[in-house]
Amino acid sequence: MRQRPDPVPADDQLSLFDLTPPSRGRDDDNVEPEADWPADVRALGERIPSSVRFGTSSWSFPGWAGIVYRRPRTQTELAREGLREYARYPLFGTVGIDRSYYAPLTSEELKRYASQLPSGFPCCAKVPAMYASPVLPGSGRDSAAIPNPDFLSPEGFLADVVQPFLLYFRHHLGPFVLEIPPVPPEARLEPQAFADRLARFLEAVPRSFPMSVELRDRRLITPAYAAALREHGAAHVLNYWSAMPLPAEQATKVDVTRAPFVVVRLLLRPGTKYEARRDAFRPFNRIVEPDERLRLDVTRLISDATGRQQPVYVLVNNKAEGSAPLTIRALAEHLVAELDHARSSDSPP
């Protein structure tokens, strides 16, 4: 059994919403100076509102050399040290830590990540599957689905995730992503029971620890689910994913205007499969299948949230269009143009 860390004192439950734009200063000889970035990329980055943070689902992609990374690197090098350069790319203000889904991050991993990040750069880590999956991870594929006794266990999550993050990563916390994965039909959750269980879980998590919930089963989007989020200060993740409604449609089913922040995750075009998109899009250095409707819808969601002064986190996967950094660039260009248009429309003649 994993040894539980010592409890974190109550006064260590710090406010986690520092929206000061991340530092872009150079603090490592291995990172090229800012002046090496193309002028148009730097200019675009300066025009992104400070409340809007774009980022990618992960960072260890050698194909991003010449886009995000200034020189070729191996996947292993990027996985261990790539955050240092990633965080200085002018269009990025956050990053997803997807690997935390497979196991809780260790104190050494958290310290290594923190050592590479500038002050005020928040990360959006996934809740481990051991607490997020209704069935035991790995079951239900080639064998029967086995119910997970630790599903939405607040005690385990507080000990294995909340405490280490507050001890070693508190200055880089963005919204956690509680991704509820799809399960075999025989193990599907009953929507009301899920909403009740989620409410109990969120009630146990400190309000200072920002939480967002991502669904992969549209049946679970119910008034009871929306009420659980609202009551406990959590956000619904507006995801672009194979079997879910588009983000703009989800926003009509869950009132995102009342959440403390907005989280958008662009993952897979509806109706497509992860493996097929991965194989078709490698090495993720170009846009293969642009989705202009998605870009316009997401831009409007971001613009509306900006008008409400809500913090916005937009995380993009390579499998959305082919290259996450290039999708982010397109979104940033759309957003800046829309905000410019809105300002000119509000100006007196």
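Leaving aside neighbours within four places in sequence, Ser242 is in contact with Leu268, Arg269, Pro270, Gly271 and Thr272, and this serine lies in the loop between strand β6 and helix α9. The structure is a predicted model, and the secondary structure of the protein comes to 13 helices and eight strands. Of the 349 residues in the protein, 56% are buried, and among contacts with a separation of 6 or more, 78% are accounted for by residues 24 or more positions apart. The points below begin with strand β6 and its partners, then turn to individual residues, to helix α4 and to the cysteines.

**Strand β6 and its neighbours**

- Strand β6, which spans residues 235-240, has six of its six residues buried, so this strand is largely enclosed by the rest of the structure.
- In a regular strand the side chains alternate between the two faces of the sheet. In β6 both faces are covered, with Ala235, Val237 and Asn239 buried on one side and His236, Leu238 and Tyr240 buried on the other.
- Strand β5, residues 211-215, pairs with β6 in the parallel sense over two bridges, and Val213 stands opposite His236 of β6.
- The pairing of β6 with strand β7, residues 262-266, is likewise in the parallel sense and runs over four bridges; here Tyr240 has Leu266 of β7 as its bridge partner.
- From β6 the chain crosses through helix α9, residues 247-253, to reach β7, and this β-α-β crossover is right-handed.
- A right-handed β-α-β unit is also made by β5, helix α8 (residues 223-231) and β6.

**Two buried serines, Ser242 and Ser212**

- Ser242, in the loop between β6 and α9, has a relative accessible area of 18%, and because buried means under 20%, this residue counts as buried.
- A polar atom of the Ser242 side chain lies 2.8 Å from the backbone oxygen of Thr272, and Thr272 is also one of the residues with which Ser242 is in contact.
- Ser212 is found in strand β5, and its relative accessibility of 0% makes it a buried residue.
- The side chain of Ser212 has a polar atom 2.7 Å from the backbone oxygen of Phe176.
- Outside its neighbours within four places in sequence, Ser212 is in contact with Pro175, Phe176, Val177 and Leu178, and also with Ala235, Val237, Phe261 and Val263. Two of these residues, Ala235 and Val237, are buried on one side of β6.

**Helix α4 and what covers it**

- In helix α4, residues 107-116, the buried residues are Glu109, Leu110, Tyr113, Ala114 and Gln116. These residues cover an arc of only 160° around the axis, which puts them on the same side of α4.
- The elements that cover the buried residues of α4 include helices α2 (75-81), α3 (83-86) and α6 (154-168), together with strand β2 (95-97).

**Buried acidic residues in α3 and α6**

- Asp160 is found in helix α6 and counts as buried at 5% relative accessibility.
- The side chains of Asp160 and Tyr131 are joined by a polar contact of 2.4 Å.
- Asp160 and Thr106 are 54 residues apart in sequence, while their C-alpha atoms are 9.0 Å apart in space.
- Glu85 lies in helix α3, and at 3% relative accessibility this glutamate counts as buried.
- Between the C-alpha atoms of Glu85 and Trp59, which are 26 residues apart along the chain, the separation is 9.8 Å.

**Cysteines**

- A search of the whole structure finds zero disulfides. For Cys123, which is in no disulfide, the nearest cysteine sulfur is that of Cys124, 7.5 Å away, whereas a disulfide would need the two sulfur atoms within 2.5 Å.
- Cys124 is in no disulfide either, and its nearest cysteine sulfur is that of Cys123 at 7.5 Å.
- Cys123 is buried, with a relative accessible area of 2%, and Cys124 is also buried, with a relative accessible area of 2%.

Key. Residues numbered from 1 in each chain as written. Predicted model: local features only at pLDDT ≥ 70, side-chain atom pairs only at ≥ 80, totals over all residues. Heavy atoms only, no water. Buried < 20%, exposed > 50% of the residue type's maximum accessible area, 1.4 Å probe, protein only. Pairing = 2+ DSSP bridges. Right-handed = clockwise from strand over helix to strand, strands pointing away. Polar contact = N/O pair within 3.5 Å; in protein donor to acceptor, adjacent residues only side chain to side chain. Contact = heavy atoms within 4.5 Å. Arc of directions from axis to C-beta.
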